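Biologist: Please take a close look at the largest cavity and what surrounds it. I would like the cut-offs stated along the way.

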Amino acid sequence: LSVFGTVLFASTLACSMVTTKVSVDTTKQGQKISRSFYGSQMDSFSSPPPADLVKQLGVGQIRLGGNEYEVFNWKNNVAITNKSGQKTILGYEAAASAFKQYGTNGIFQINLLGVQPEFENGSYVLKTTFDTTAVYELIQQLNGKLKLGITDVCLGNEAEQWHETHPHVAALAGLYSADSGISADDYIQRYIAYAMAIRQAQESVTGDANSIKIWGPEISSSWLDWNTGNMTSDCEWSSEGGGRVICSYGNKKFDHFIPYFLSRLAAAEKDKALNPRGYKLMDTFSFHYYPIFRKKNADMNSIITDKNGLQAVGEMLEGTRILHDSTYVNVSDRSSYRKIKDKEDKNYQSNIIGRMQDWLKTYYPKAKLAINEFAFDSDFRSTNYHPIVRPLYTADAVAVAAVNGISFFNNFVLSSPEQSNIPWVLISEGKDKTNLYKTYALIANHFLGTVVNT
């Protein structure tokens, strides 16, 4: 290619030849994409899939995490969840062993909720015993005694939804009620304390507190415009746009949670009384996104349609623009605010990645930005979408993330248990490659190197 190279692609559409001209400006280069950009997530209820399937997939990092790991005891690998009850799930040592076989790096979730099952009088009982002392002990055990060499941990999982995912421990935890989530201030105080415990423990093991990387806050509340689920002190519901929130943090200095969270971390790093060693409290800012194109959340058959009554495939695929395009008008993705029709809508914004980057640049510029869970539609029952939608939307989302400076893309989820039908799984029942696997493998194994503008 010359400085402004031109590549011609030919494809057949409706029995006719269509030629598309793509110009590549090699002088404008973005980030370098390596295998570590591509990732997925272990399913807590599944055995690790065969190494050859994971190696062929081409991912470089895999997260061990999810709701179950917020009510999990790493010493016995038992979790007691709201929906599934008591379960033995995949533990840290088994996951670390699998990651070693795969040749991938692991991102291990730390139980930030602090509730774990303890064996007492012949049965397991949930206790609030996973405190900062327990976090310190965990890191010392995993990286000290067991020498697992864990280099990346993520703090918690979707804390803004704890009142919905873990209502069974609301009274026990004392952090939220059954109908209102943890407040921003309570969450941030907890996050800082656990992050400092991780740094202290790692420093005691290796002499370098920063030899372990901390990811957080693993926020997923796109439908609340990235705010907390606390309707007691942080936010209140508004009827605008079919149901939005109006929020205030830090004595009304902030109207969104994320910039407030970041500003508090930056301040805590400089607070000698709180953080005398000046520990860095976050290395990667991580969020989750699950686009949904159904008219009703509870109705799996309410997928958006075109004027002919067919699934609006083109409109859904166009929806990736919400990730990066500030001019995009969202009217169909229920996971984000949808623009109010026929009126000025000052509270509507698209360009999720751009907004996150602006917040980071302003309040915490030292952190990377990662999508640490992504799947098309978050409901495992949503099997009715046109089969082309999930692979193509995901492929475009990966490209958008790469071009726009995302450091890691977690294509959720790696494998599923036997006799399950999870529509966004990559390896079905631990052995079969899905169409989504084939799409992601094609990208992960070939979309590598330096990003250039087209």
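Modeller: What follows starts at the cavity and moves outward to the helix, the barrel and the other voids.

This is a predicted model, in which local features need pLDDT of at least 70 and side-chain atom pairs count only at pLDDT 80 or more, while totals for chains, interfaces and linings use all residues. Residues are numbered from 1 along each chain as its sequence is written, and side-chain values use heavy atoms, with hydrogens and water left out.

A search of the whole structure finds two cavities of 30 Å³ or more. A cavity here is a set of points, on a 1 Å grid over the protein atoms alone, where a 1.4 Å probe fits but cannot get out; a pocket is an open set with protein on both sides within 12 Å along at least five of seven lines; lining residues have an atom within 4 Å of a point. Grid points are joined across faces, edges and corners, and a volume is the space filled by probe spheres set on the points.

The largest cavity holds about 100 Å³ of space. Its lining consists of Ala-159, Glu-160, Ile-182, Ser-183, Ala-184, Tyr-187, Pro-217, Ile-219, Asn-227, Thr-228 and Phe-257. By class, this lining has seven nonpolar, three polar and one charged residues. Ala, Val, Leu, Ile, Met, Phe, Trp, Tyr, Cys and Pro count as nonpolar, Asp, Glu, Lys and Arg as charged, and the others, Gly among them, as polar. At least two lining residues each come from α6 (184–206) and β12 (213–219). Helices (H or I, at least four residues) and strands (E, at least two) are DSSP runs, numbered from the N terminus.

Tyr-187, one of the lining residues, lies in α6 together with Tyr-191, four residues apart, about one turn of the helix. The two form a tilted aromatic pair, 6.2 Å centre to centre with 45° between the planes. Rings of Phe, Tyr and Trp (its six-membered ring) pair if their centres lie within 6.5 Å; planes under 30 degrees apart count as stacked, over 60 as edge-to-face and the rest as tilted. The structure holds 29 aromatic pairs. The end C-alpha atoms of α6 are 33 Å apart, which agrees with the 33 Å that its 23 residues should span at 1.5 Å a residue; the expected span is 1.5 Å times one less than the number of residues. Just after α6, Gly-207 has a positive phi of about 85°.

β12 belongs to a closed barrel of eight strands, β3-β4-β8-β11-β12-β15-β16-β17, with parallel pairing. Two strands pair if DSSP finds at least two bridges between them. Within this barrel, β15 (residues 284–289) and β16 (residues 368–374) pair in the parallel sense over six bridges, and Phe-287 stands opposite Ile-371 in β16.

The second largest cavity has a volume of about 40 Å³. Ser-222, Asp-225, Trp-226, Ile-322, Ser-336, Tyr-337, Gln-349, Ile-352 and Arg-355 line this second cavity; four are nonpolar, three polar and two charged.

Among the open sets, the second largest pocket contains about 320 Å³ of space. Of the 15 residues that line this pocket, Arg-390, Ile-422, Pro-423, Thr-434 and Asn-435 are the closest to its centre. α10 (389–403) and α11 (435–446) are the elements that give two or more residues to this pocket's lining.
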